[in-house]
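Please examine the sequence and the three-dimensional structure shown here. The account below is meant to be read alongside them.

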Amino acid sequence: MRKFNIRKVLDGLTAGSSSASQQQQQQQQQQHQPGSREPEIQETLQSEHFQLCKTVRHGFPYQPSALAFDPVQKILAVGTQTGALRLFGRPGVECYCQHDSGAAVIQLQFLINEGALVSVLADDTLHLWNLRQKRPAILHSLKFCRERVTFCHLPFQSKWLYVGTERGNIHIVNVESFSLSGYVIMWNKAIELSSKAHPGPIVHISDNPMDEGKLLIGFESGTVALWDLKSKKADYRYTYDEAIHSVAWHHEGKQFICSHSDGTLTIWNVRSPAKPVQTITPHGKQLKDGKKPEPCKPILKVEYKTTRSGEPFIILSGGLSYDTVGRRPCLTVMHGKSTAVLEMDYSIVDFLTLCETPYPNDFQEPYAVVVLLEKDLVLIDLAQNGYPIFENPYPLTIHESPVTCCEYFADCPVDLIPALYSVGARQKRQGYSKKEWPINGGNWGLGAQSYPEIIITGHADGSVKFWDASAITLQVLYKLKTSKVFEKSKNKDDRPNTDIVDEDPYAIQIISWCPESRMLCIAGVSAHVIIYRFSKQEVITEVIPMLEVRLLYEINDLESPESEQPPPLSTPVGGSNPQPIPPQSHPSTSSSSSDGLRDNVPCLKVKNSPLKQSPGYQTELVIQLVWVGGEPPQQITSLAINSSYGLVVFGNCNGIAMVDYLQKAVLLNLGTIELYGSNDPYRREPRSPRKSRQPSGAGLCDISEGTVVPEDRCKSPTSGSSSPHNSDDEQKMNNFIEKVKTKSRKFSKMVAIDIAKMSRKLSLPTDLKPDLDVKDNSFSRSRSSSVTSIDKESREAISALHFGETFTRKADSSPCPCLWVGTTLGTVLVIALNLPPGGEQRLLQPVIVSPSGTILRLKGGILRMAFLDCTGCLMPPAYEPWKEHNVPEEKEEKEKLKKRRPVSVSPSSSQEISENQYAVICSEKQAKVISLPTQNCAYKQNITETSFVLRGDIVTLSNSICLACFCANGHIMTFSLPSLRPLLDVYYLPLTNMRIARTFCFTNNGQALYLVSPTEIQRLTYSQETCENLQEMLGELFTPVETPEAPNRGFFKGLFGGGAQSLDREELFGESSSGKASRSLAQHIPGPGGIEGVKGAASGVVGELARARLALDERGQKLGDLEERTAAMLSSADSFSKHAHEMMLKYKDKKWYQF
């Protein structure tokens, strides 16, 4: 495990002196200002509450390269091309280790039932891992200096490891001390003396199952030698024209089978080396006239397994004929006369047959085959007809479709996981093996964490997966396919070229989820937003409700013939009709404008046939941004949903749109510049003379609703013209619109199109630049790396959205519902929400939305916002508790009468009017705590000068709250709230790719995660308490298990020979007989796991007792043996003395010549 150099930060002392002094100055200033006192809030979090460490890694091992299985411990090991090791026991027992060198793992060998594993790496090192501790560690390493290692073999219950090399030699390593024996098998002694060519690297080593003294050595060129270890010479040599890939013994030791590069298998009798007994081409076309079958692809591996009551199994990978182009990789199972060809989804890396016995000289009784594929792990049941697969209980399907975004929720409502599990259980596939998963070694840890945790992953194919992540495990709960609401094009040619992206048009970019109300909202790559409601009932939706939004950046001012006419109508939500949209709301949009430019068309086509929606998440509303004047809509950069208000809001680099999903109406549709009104801090010069605008073109950023008067565009389009209670706001709005009109300016078509194209490229996640440390803005999703003034101005994207109940203006005396909007230029704007009463009225009266004029500024794009009450407690946004939506009509009516508008769960509703609040705002560069309603900056912290923050979250920990940040330079930092004292600053990992930036997230209780590879999630903790409890929570890989009894030799075999011959390897390979090995051949490196191994082995109460019991048993056994041996020696000594005494008496009086 990597040791972190944790730079703990003393409270406020080691913080940047500048920020500390700034804080002091601000506090002093505020104390001197009459009437603006900041009450002192007691903060409980200190730096000792924080520590950073990795907890677990979930998912499929990325780029797997090796496989091993311990048949007694029932543990599976997988090695990867990046030097990682993943160990799997029973579901929930998993472990991840990493070789420091990062070299590929080429082979793994368990010391069966010993709790140890040997790994062989591509850099010619061997490592011995101790698995008798919760975090395995390396005990010894051996680095070969002069030869490349190609194959290793460790016989069962032996401590001598055979190491084959590229030069064709075999060296022998003592696994206990990791030292080389002086015994070496040289290639030129093993092959025919007459053969002039080098036989190639060693591709196989194994001992005869019935005679440990005979070693079968396979050379790549096709030569196989049976080496007698005692006489140090080859007994037999077998030659074949084709290269060998693998060799396997029959358990009786009289036959072996080889797989070759031409797709053939050769079976040889040990005592007849002249030619193979049988040659099989499993996939070759048998030609007439006795000719050889056509050559096939190489058979990469073969296994030969016997059964007591039937034919043996021959299992192989590869060997397909060359004319099967495009055929998927196959595993072939030959059993008697039947041959089953099992197609796999990905190419086969390796496979192993799981057998009942660990002894190679007994009937093997195979029961399953574990197949390691490039991107999956499959287990095949050999005992059932048709060879069904086992249902995989490990969370290995994270990458089923590439992960595009990730969210993590700790401490969720307790009923959520059972609810998601119950709807997800119906999605399970049928046809799996009836048997239990056979890899079931190890023991679970003692779960100290009891709170529910959920991870949500969004994928490239538009699917969203919910995972139960409680207590450092991971299990898929439910999968939602968001693409179901769209028409799929049959082939590429049919597809309308409205797609923003060529591939994955449904890819999920942002997920907004309210765990309490179970409302889910997603934003996709094709500028679409879908709102989902959770239901346990199945429903059939006749017409999918949808809205189209025309969100643009002043492009309707382009000089085109259509600019004189009103824009085409698309979605009838406007006017004063407050009803939800009628069923015939699927618009017949015009696909192009009069000059041939694509206009008012969404990127995806919503299905117009009835949609059957299973229990789980069901579509409530689909919102799509449309093309404008030949330009595709810009991708959505931020998204928020609030179940209490019934609103969803989203923004991109053109502007912001708010939708009332209960009334299915667009409430707000503004360009970013329009949000500022007259308070725009940027000088945005007109680029060209303005054309007089027609009154019909309703503003800069039309929703497609025809003629709505400008004043009403910032309110609900359903609100009508009279709102007497809001006349001041109306006046302000009129002034505001006028100012917007005078400040607005126009671009030429070329500039607009260039900018749109440029921003589109930059906003796609795949196009984000990796050179992060050079340029800050190249990483910001929404900002272009170009620094032209036009680009800077026009591309101010909405980067953060937060609903809350707080003070919107300085003069406010009480909090009210509002939306805080953050942009990539560091501006925070506040929009006030006027909500109708609950019940019937909520569906009939409009929601009135009005910008408040409040503007706050920070350095860097805004990432996250939150509100604290006067005691410094977090005020979560209001929510409506979940209830079943699809209930019969009468019940629903009763419910509506009871239902009132839910109050905010924040303490603010019960507060006295005089009590203030705090807004916490985190940007890419700094964090500020703003006192409300005064809007004074209470605290400020410059997080980073040279880098920028990628992710900032306001989270709870130890009954308090803090701000957690992950920077592009690899630092993880936490700050207290509200005073923003630095509490933790650790260099964790440099940002190596966009995937980490897109998926890193913090959550409550000191948990965080990110996608460490395309297939794996890495979880970590920044909580001292979790770090301390981690050892208890981790599962145990090694459990004390008795080794099965060896097979009986039988009376006749014992009498006449023919049973398994044992070999004293110690006598052969030990230093006394074979001498010392050359020192320059390999270098021994002691592992760090030596002392750690002892520590680790002594951790975990259960493990400790089990180990103590095992040690006592072993000790007792040894003592018992010793006692028996001592007793035997005593009795033999006694009898010897008796005999000696008798002899003495017998011959005492005899003379020497009388003998």
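The following paragraphs move from the protein as a whole to a sheet, to its nonpolar cores and finally to a single serine.

The structure is a predicted model. It comprises 16 helices and 60 strands. Of its 1155 residues, 56% count as buried. The accessible surface of the protein amounts to about 50,400 Å², and carbon and sulfur atoms account for 52% of that area. When contacts between residues at least 6 apart in sequence are considered, 62% of them join residues at least 24 apart.

One element to examine is an open sheet of three strands, arranged in the order β27-β28-β29 with antiparallel pairing. Strands β27 (348-355) and β29 (377-381) occupy the edges and have a single partner strand each, so one side of each is left without a neighbour in the sheet. On average, neighbouring strands of this sheet are turned by 20° against each other, direction ignored. Strand β28 (residues 366-373) runs antiparallel to β29, and five bridges join the two. Valine 369 stands opposite isoleucine 380 in β29.

Attention may now turn to the nonpolar cores. The largest of them contains 35 residues. Within this core, the residues with the most contacts are Leu420, Ile454, Phe466, Trp513, Leu520 and Tyr617. Helix α3 (residues 416-424) supplies the largest share of the core, namely five residues. If neighbours within four places in sequence are set aside, tyrosine 617 is in contact with a series of residues that includes Leu420, Phe466, Trp513 and Leu520. The contacts of tyrosine 617 also include Arg518 and Arg533, as well as Tyr478, Leu480, Tyr532 and Phe534. Apart from the largest core lies another, of 28 residues, among them Leu45, Leu957, Phe966 and Leu1020.

The last site to consider is serine 643, which is located in the loop between β41 (638-642) and β42 (647-651). Is this residue, serine 643, buried or exposed? Its relative accessibility is 8%, and serine 643 therefore counts as buried, the cut-off for that class being under 20%. The side chain of serine 643 makes a polar contact with the side chain of serine 517, at 3.2 Å. That side chain of serine 643 also reaches the backbone nitrogen of glutamate 880, at 3.0 Å. Leaving aside neighbours within four places in sequence, the residues in contact with serine 643 are Cys514, Ser517, Met519, Tyr661, Tyr879 and Glu880. Both polar partners, serine 517 and glutamate 880, thus appear among these contacts of serine 643.

Conventions
Residues are numbered from 1 along each chain as its sequence is written. This is a predicted model: local features need pLDDT of at least 70, side-chain atom pairs count only at pLDDT 80 or more; totals for chains, interfaces and linings use all residues. Side-chain values use heavy atoms; hydrogens and water are left out. Two strands pair if DSSP finds at least two bridges between them. Helices (H or I, at least four residues) and strands (E, at least two) are DSSP runs, numbered from the N terminus. Axes are lines fitted to C-alpha atoms, for helices over the stretch in contact, and angles run from 0 to 180 degrees between N-to-C directions. A nonpolar core is a set of buried Ala, Val, Leu, Ile, Met, Phe, Trp, Tyr and Cys residues joined through side-chain atoms within 4.5 Å. Buried means under 20% relative accessible area, exposed over 50%, partly exposed in between (1.4 Å probe, protein chains only). Contact means heavy atoms within 4.5 Å. A polar contact is a pair of N or O atoms within 3.5 Å; within protein, one must be able to donate a hydrogen and the other to accept it, and residues adjacent in sequence count only if both atoms are side-chain atoms. Accessible areas come from the Shrake-Rupley method with a 1.4 Å probe; for residues, only the protein chains shown count as cover.
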